[in-house]
Amino acid sequence: MLCDLQVNGFIGVDFSAPDLTPDGFREAGHALIQRGVDLFLPTFITSAMATYERNFSIACQALEADTTLASHIPGFHLEGPFISPEPGAVGAHDPHCVRLPDCAAFDQIMAYAKGRIRLLTLAAEQPGADALARHAVAQGVAVSCGHQLASAADLARLADAGATALTHLGNGMPNSVNRHRNAVLAGLGETRLNIMFIPDGHHLPLEFLQMLARLVPVSRLIATSDASPAAGLPPGRYHVLGNDAVLEPNGLLHNPEKQCLVGSSATLVECAEVLRSIRHFTENEIQQMVWDNPRKLIGV
């Protein structure tokens with residue numbers, strides 16, 4: 001059984017694109033289910049408010065019209081817009097749409113989503129992040145810290161405010177960081193936060209996965225795919241998540257100009273196989289990371 005908390009799109013359908021349609025949303029969802037993903041959160045990245053209004057409405061319409069699909073989608077993941085606008089930390093997101101944490105803005109987006117947001121990613125160091133975390137948690141939303149330049153103190157403050165996870169630790173950060181003071185080490189050290197990570201064979205090197213296996217209790221680990229709209233498509237050039245990206249034959253999906261990844265070309269099915277291949281986890285531990293822990297995080 002597989003539960004993926006971060007799916008940006010599939011088979012050419014971008015959940016954050018201005019041309020998203022109900023049919024496209026349904027087709028992508030059913031295709032993902034057919035690949036073996038039992039539960040997933042469609043993920044909506046940093047966008048203009050008008051795009052949130054349009055796309056959440058389309059997604060909600062699709063779920064209301066398709067009860068089978070709705071049974072596989074317990075809610076949505078809002079990844080942004082309350083993240084860092086800094087190069088590297090912003091990743092493939094549009095920095096022009098990034099905004100400071102704002103409870104009123106979050107409430108407006110939640111209304112567009114008809115209360116279906118189950119997971120919020122924000123940057124812990126941004127002013128007002130702790131207030132927004134408390135506000136979201138009070139509404140039953142799990143809060144995760146990511147796309148950030150957060151210090152240990154920032155993460156501690158967010159954990160105090162009710163945050164319970166880190167979004168794709170080791171990614172959504174600059175390629176070069178301080179060797180001691182950086183978001184990876186801060187995240188590893190804040191034991192109140194679960195670690196979401198992307199074991200697709202490209203987002204994190206083998207050594208990073210081995211480090212997680214040796215240093216972090218499995219109860220804190222949540223595997224996600226970060227599946228891109230290009231997932232499920234053949235190698236080539238694609239415009240995904242607002243980026244001109246290249247999908248290499250080996251599965252690497254990247255923006256050569258920005259020198260960043262643009263989501264993953266894998267599903268959680270392939271990610272589970274990568275975890276098996278490193279031979280550091282038992283099958284029961286992998287099941288915890290791809291099914292038990294993600295459902296626990298969002299209260300399913």
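Author: Helices (H or I, at least four residues) and strands (E, at least two) are DSSP runs, numbered from the N terminus, and their axes are lines fitted to C-alpha atoms, for helices over the stretch in contact, with angles that run from 0 to 180 degrees between N-to-C directions. The model is predicted, so that local features need pLDDT of at least 70 and side-chain atom pairs count only at pLDDT 80 or more, while totals for chains, interfaces and linings use all residues. Residues are numbered from 1 along each chain as its sequence is written, and side-chain values use heavy atoms, with hydrogens and water left out.

Reader: At what angle do helix H1 and helix H2 pack, and which residues meet?

Author: Helix H1 (residues 22–34) packs against helix H2 (residues 49–65) at about 65°, and their axes are 9 Å apart. Contact means heavy atoms within 4.5 Å; from H1, Pro 22, Phe 25 and Arg 26 meet Ile 58, Ala 59, Gln 61, Ala 62, Leu 63 and Ala 65 of H2.

Reader: How should I read a sheet, and what is the strand order in the one with eight strands?

Author: Strands of a sheet pair through backbone hydrogen bonds, either parallel or antiparallel, and two strands are taken to pair if DSSP finds at least two bridges between them. Here the eight strands form an open sheet with parallel pairing, in the order S1-S4-S5-S6-S7-S8-S9-S10. Strand S1 (3–7) and strand S10 (221–223) are its edge strands, each pairing on one side only. Strand S9 (residues 194–197) is joined to S10 by three bridges in the parallel sense, and Phe 197 has Ala 223 as its bridge partner in S10.

Reader: Which strands does H2 lie across, and which does helix H5 lie across?

Author: H2 lies across strand S4 (39–45) and strand S5 (76–79), at about 165° to S5, whereas helix H5 (residues 129–138) lies across strand S6 (117–122) and strand S7 (142–145), at about 170° to S6.

Reader: Which strands stand at the edges of the sheet of four strands?

Author: That open sheet has antiparallel pairing and the order S11-S12-S13-S14. Strand S11 (236–240) and strand S14 (260–261) stand at its edges, and because each has a single partner strand, one side of each is left without a neighbour in the sheet.

Reader: How many disulfides are there?

Author: A disulfide is a pair of cysteine sulfur atoms within 2.5 Å, and by this rule the count is zero. Cys 3 is in no disulfide, the nearest cysteine sulfur being that of Cys 271, 13 Å away.
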